[in-house]
Amino acid sequence: MEMQIVDKNCWIEVFNHANFSVYDPHVKLQGPKEYASLKNLTGRDWNNDIKSVIVGSNATALAYKEQGFKGTEIAFVQGMRIPDLSNLDMSNDIESMKITCGK
């Protein structure tokens with residue numbers, strides 16, 4: 001039997017609208033994990049559909065404009081809250097992501 005320890009502060013929450021609207025589609029991705037594509041996360045295609053993010057206090061996420069961790073890369077660090085990714089020229093432009101845990 002294998003035990004896995006889950007870091008409850010290692011996650012990134014992605015939102016389909018600006019300003020973290022919980023009434024619109026959103027999903028919390030637990031780390032550490034790599035997502036070469038964001039196509040089928042919880043039954044929804046998140047490719048090019050992320051407009052705001054909140055990062056857990058023990059997570060770092062690298063997001064990429066193309067699937068397979070290619071193209072322009074942006075780093076989201078611990079505790080970061082970005083209400084509108086268009087300010088960083090990344091709104092609706094993320095297709096893959098790597099989440100790591102730890103300081």
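This report walks through the fold, the core and a few notable residues of a predicted protein model.

## Overall fold

Let's start with the architecture. The protein chain has eight strands and zero helices, so read from the N terminus its elements simply run β-β-β-β-β-β-β-β. Contacts across the sequence are well represented here: among contacts with a separation of 6 or more, 66% link residues 24 or more positions apart.

As for dimensions, the C-alpha trace spans about 40 × 25 × 25 Å along its principal axes. The radius of gyration is 13 Å, which agrees with the value near 13 Å that a compact globule of 103 residues would have.

## Surface and charge

Of the 103 residues in the protein chain, 38% are buried. The accessible surface comes to about 6000 Å², and carbon and sulfur atoms account for 48% of that area.

Turning to charge, there are 11 positive and 13 negative side chains in the protein chain. The centres of these two sets lie 4 Å apart.

## The nonpolar core

Which residues touch the most other members of the largest nonpolar core? They are Ile-12, Ile-50, Phe-76, Ile-94, Met-97 and Ile-99, in a core of 23 residues. Several elements give two or more residues to this core: strand 1 (11-15), strand 2 (26-30), strand 4 (52-55), strand 5 (59-66), strand 6 (70-76) and strand 8 (96-101). Strand 5 supplies the largest share, with three residues.

Ile-99 is a good place to look more closely. Setting aside neighbours within four places in sequence, Ile-99 is in contact with Cys-10 and Ile-12, with the run Leu-29, Gln-30, Gly-31, Pro-32 and Lys-33, with Tyr-35, and with Ala-59, Thr-60 and Ala-61.

## Gln-30 and the cis peptide bond

One of those partners, Gln-30, lies in strand 2. Is Gln-30 buried or partly exposed? Its relative accessibility is 31%, so Gln-30 counts as partly exposed. Not counting residues up to four places away in sequence, Gln-30 touches Val-6, Asp-7, Cys-10, Trp-11, Tyr-35 and Ile-99. Cys-10 and Tyr-35 also appear among the contacts of Ile-99, so you can follow these residues from either side in the viewer. For a sense of scale, Gln-30 and Ile-94 are 64 residues apart in sequence, while their C-alpha atoms are 17 Å apart in space.

Just along the chain, a cis peptide bond joins Gly-31 and Pro-32, with omega at about -5 degrees. Pro-32 is found in the loop between strand 2 and strand 3 (33-35). Both Gly-31 and Pro-32 are contacts of Ile-99.

## Two asparagines with positive phi

Finally, two loop residues deserve a look at their backbone angles. Asn-19 is not a glycine, yet its phi is positive, at about 65 degrees. Asn-19 sits in the loop between strand 1 and strand 2. With 55% relative accessibility, Asn-19 counts as exposed, because the cut-off for that class is over 50%.

Asn-92 is also not a glycine and has a positive phi, of about 60 degrees. The loop that holds Asn-92 runs between strand 7 (81-82) and strand 8. How exposed is Asn-92? At 25% relative accessibility, Asn-92 counts as partly exposed.

Methods
Residues are numbered from 1 along each chain as its sequence is written. This is a predicted model: local features need pLDDT of at least 70, side-chain atom pairs count only at pLDDT 80 or more; totals for chains, interfaces and linings use all residues. Side-chain values use heavy atoms; hydrogens and water are left out. Helices (H or I, at least four residues) and strands (E, at least two) are DSSP runs, numbered from the N terminus. The radius of gyration is taken over C-alpha atoms; the globule rule is 2.2 Å times the number of residues to the power 0.38. Buried means under 20% relative accessible area, exposed over 50%, partly exposed in between (1.4 Å probe, protein chains only). Contact means heavy atoms within 4.5 Å. Accessible areas come from the Shrake-Rupley method with a 1.4 Å probe; for residues, only the protein chains shown count as cover. Lys and Arg count as positive and Asp and Glu as negative; His and the chain ends are not counted. The place of a charge is taken as NZ of Lys, CZ of Arg, CG of Asp or CD of Glu. A nonpolar core is a set of buried Ala, Val, Leu, Ile, Met, Phe, Trp, Tyr and Cys residues joined through side-chain atoms within 4.5 Å.
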